[in-house]
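Open the model in your viewer and have the sequence panel at hand. We will go from one selection to the next, with a note on what you will find at each.

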Amino acid sequence: LGPFHRAEITGLDVCMRKELIATCSRDKTVNIWNYATKTHEIAELFNEECLTLAFHPSGLHLIVALQDKIQMCNVLSNKIDPYKQLPIKGCNEIRFANGGHLFACVAQE
């Protein structure tokens with residue numbers, strides 16, 4: 001057995017400049033995978049259910065939408081380090097602009 005999600009996967013994004021895929025799940029985890037080497041890189045447990053996520057084009061940052069906030073995170077070599085929270089509730093979809101200088105989020109009911 002490996003570090004797989006134990007509940008429904010709610011978000012998936014592919015990094016533009018690195019060979020990485022990020023997934024989030026209702027089991028409160030975010031996993032980062034390297035699709036070139038077919039290996040699991042990082043797993044991070046959050047305090048709340050993860051709704052969706054987005055990779056920054058550089059692969060150095062990740063935005064995770066939780067139930068009552070958006071968590072901005074740095075992607076380090078062995079962990080995901082949260083550094084800022086935005087009080088936006090119920091975000092269903094989130095994406096970075098192509099240059100990574102902006103991001104947009106949508107909350108649908």
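Start by selecting Thr52, which is found in strand β5 (residues 50-55); strands here are DSSP runs of E of at least two residues, helices are runs of H or I of at least four residues, and both are numbered from the N terminus. With a relative accessibility of 4%, Thr52 counts as buried, a word that stands for under 20% relative accessible area, while exposed stands for over 50% and partly exposed for the range in between (1.4 Å probe, protein chains only). Accessible areas come from the Shrake-Rupley method with a 1.4 Å probe, and for residues only the protein chains shown count as cover.

Before you go on, please keep in mind that this is a predicted model, in which local features need pLDDT of at least 70 and side-chain atom pairs count only at pLDDT 80 or more, while totals for chains, interfaces and linings use all residues. Residues are numbered from 1 along each chain as its sequence is written, and side-chain values use heavy atoms, with hydrogens and water left out.

Now show the surroundings of Thr52. Not counting residues up to four places away in sequence, Thr52 touches Thr10, Gly11, Cys24, Ile63, Val64, Ala65, Cys91, Asn92, Glu93 and Ile94; a contact means heavy atoms within 4.5 Å.

Next, select Leu53, which also lies in strand β5. Is Leu53 buried or exposed? At 0% relative accessibility, Leu53 counts as buried. Its contacts, leaving out residues up to four places away in sequence, include Leu12, Asp13, Ala22, Thr23 and Cys24. Val30, Leu62, Ile63, Val64, Ile94 and Arg95 are also among the residues that Leu53 touches. If you like to try the distance tool, pick the C-alpha atoms of Leu53 and Gln67: they are separated by 12 Å, with the two positions 14 residues apart along the chain.

**Strands β1, β2 and β3**

Colour β2 (residues 20-25) next. Five of its six residues are buried, so strand β2 is mostly covered. On one side, strand β1 (residues 9-14) pairs with β2 in the antiparallel sense over five bridges; two strands pair if DSSP finds at least two bridges between them. To see one such position, select Gly11, which stands opposite Cys24 in β2. Follow the chain from β1 to β2 and you pass through a hairpin of five residues.

Strand β2 also runs antiparallel to strand β3 (residues 29-34), and five bridges join the two. Which residue in β3 is the bridge partner of Ile21? That partner is Trp33. The hairpin of β2 and β3 has three residues between the strands.

**Two lysines with positive phi**

Stay in that hairpin and click on Lys28, which sits in the loop between β2 and β3. Lys28 is not a glycine, yet has a positive phi of about 75°. Its relative accessibility of 35% makes Lys28 partly exposed.

Move along to Lys38, in the loop between β3 and β4 (39-45). Lys38 has a positive phi of about 55°, although it is not a glycine. Lys38 is exposed, with a relative accessible area of 75%.

**Lys69 and the β7-β8 hairpin**

Now select Lys69, found in the loop between β6 (61-66) and β7. At 17% relative accessibility, Lys69 counts as buried. Leaving aside neighbours within four places in sequence, Lys69 is in contact with Glu48, Val64, Gln85, Leu86 and Ile88. The C-alpha atoms of Lys69 and Gln85 are separated by 6.5 Å, and the two residues are 16 apart along the chain.

From here, highlight strand β7 (residues 70-75) and strand β8 (residues 80-86), which run antiparallel and are joined by six bridges. Met72 stands opposite Lys84 in β8, and a hairpin of four residues joins β7 to β8.

**Zoom out**

Finish with the whole chain in view. The protein has zero helices and ten strands. Its radius of gyration, taken over C-alpha atoms, is 13 Å, close to the 13 Å that the globule rule (2.2 Å times the number of residues to the power 0.38) gives for 109 residues, so the protein is as compact as a globular protein of that length. Along its principal axes the C-alpha trace spans about 35 × 30 × 20 Å. Buried residues make up 41% of the 109 residues.
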